[in-house]
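Me: I am new to this structure and would like a close look at a single part of it. Please choose one pair of side chains, explain it with care, and then place it in its surroundings.

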Amino acid sequence: MNVLARTKFTAVASAAVLAAGIVSTIAVPASAAAVGPCGSGYKLVGTYNISKDGQKYGVLEVRWNAGTGKNCALAYGSGSNYGRADYKAVRVRSSDKTSWADTDWGNFSKYAGPVYVAAKNKCIDVSAHVEGRSGKRGFVYKRDVHCG
């Protein structure tokens with residue numbers, strides 16, 4: 001390869017490496033990548049074990065979106081219950097109400113929910129069930145939490 005061809009090859013190769021570096025630094029913003037099952041703008045504000053007789057069956061997650069004034073809740077299986085299509089249920093309401101604002105239940109492999117309640121400047125009640133391999137169900141109920 002002569003000097004002119006080698007210089008041209010080096011310039012083209014350098015341009016390709018530079019272009020690859022620029023493309024690889026243009027990534028999806030973290031906020032777009034962080035959208036979870038509740039949607040964008042929801043921040044985790046609480047997690048509670050779903051259990052019975054000392055055995056953990058799952059986790060109840062509560063999230064808050066300050067922009068919309070809504071809470072979101074999900075019930076996940078954990079341990080041997082994670083990824084299994086078993087009964088899972090979750091419900092949420094404003095603590096000043098007697099009926100549940102939103103409920104989801106059924107045989108889900110990942111989670112029940114999301115369920116939502118508008119609760120700006122209010123506390124919420126949340127509950128969840130997850131059934132284990134034995135047929136027993138873990139349960140959690142939290143009253144007057146996440147007052148926003």
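Reply: Let us begin with one residue of this predicted model, Tyr76, which has a relative accessibility of 18% and therefore counts as buried, since the cut-off for that word is under 20% relative accessible area. Tyr111, by contrast, has a relative accessible area of 25% and is therefore partly exposed. These two residues belong together here, as the structure holds three aromatic pairs, and the rings of Tyr76 and Tyr111 have their centres 5.3 Å apart with their planes at 55°, so the pair is tilted. The word follows from the angle, because planes under 30 degrees apart would count as stacked and those over 60 as edge-to-face. Tyr76 is part of strand 3, residues 70-77, while Tyr111 is part of strand 6, residues 111-118, so the pair ties together parts that are 35 residues apart in sequence.

The surroundings of this pair can be described from the whole chain inwards. The protein has two helices and eight strands, and from the N terminus on the two helices are followed by the eight strands. Of its 148 residues, 33% are buried. Among contacts between residues at least 6 apart in sequence, 52% join residues that are at least 24 apart. The protein exposes about 8,700 Å², and carbon and sulfur atoms supply 56% of that area.

Another strand worth following is strand 7, residues 124-131, which is mostly covered, with six of its eight residues buried. Strand 7 runs antiparallel to strand 4, residues 86-94, and seven bridges join the two; within this pairing, Val126 in strand 7 is the bridge partner of Val92. Strand 7 is also joined by seven bridges to strand 8, residues 137-145, again in an antiparallel arrangement, and there Ile124 stands opposite Val145 in strand 8. The hairpin of strand 7 and strand 8 has five residues between the strands, and in this hairpin Gly135 takes a positive phi near 95°.

Aromatic rings also take part in contacts of another kind, in which a charge sits over the face of a ring. The charged end of Arg93 sits over the ring of Trp100, at 4.0 Å from the ring centre, and Arg137 lies over the face of Tyr87, at 3.8 Å from the centre of that ring.

How values were computed
Residues numbered from 1 in each chain as written. Predicted model: local features only at pLDDT ≥ 70, side-chain atom pairs only at ≥ 80, totals over all residues. Heavy atoms only, no water. Helix = DSSP H or I, 4+ residues; strand = E, 2+ residues; numbered from the N terminus. Buried < 20%, exposed > 50% of the residue type's maximum accessible area, 1.4 Å probe, protein only. Contact = heavy atoms within 4.5 Å. Areas by Shrake-Rupley, 256 points an atom, 1.4 Å probe, with all protein chains shown as cover. Pairing = 2+ DSSP bridges. Phe/Tyr/Trp six-rings, centres within 6.5 Å; stacked < 30°, edge-to-face > 60°. Lys NZ or Arg CZ within 6 Å of the ring centre and 35° of its normal.
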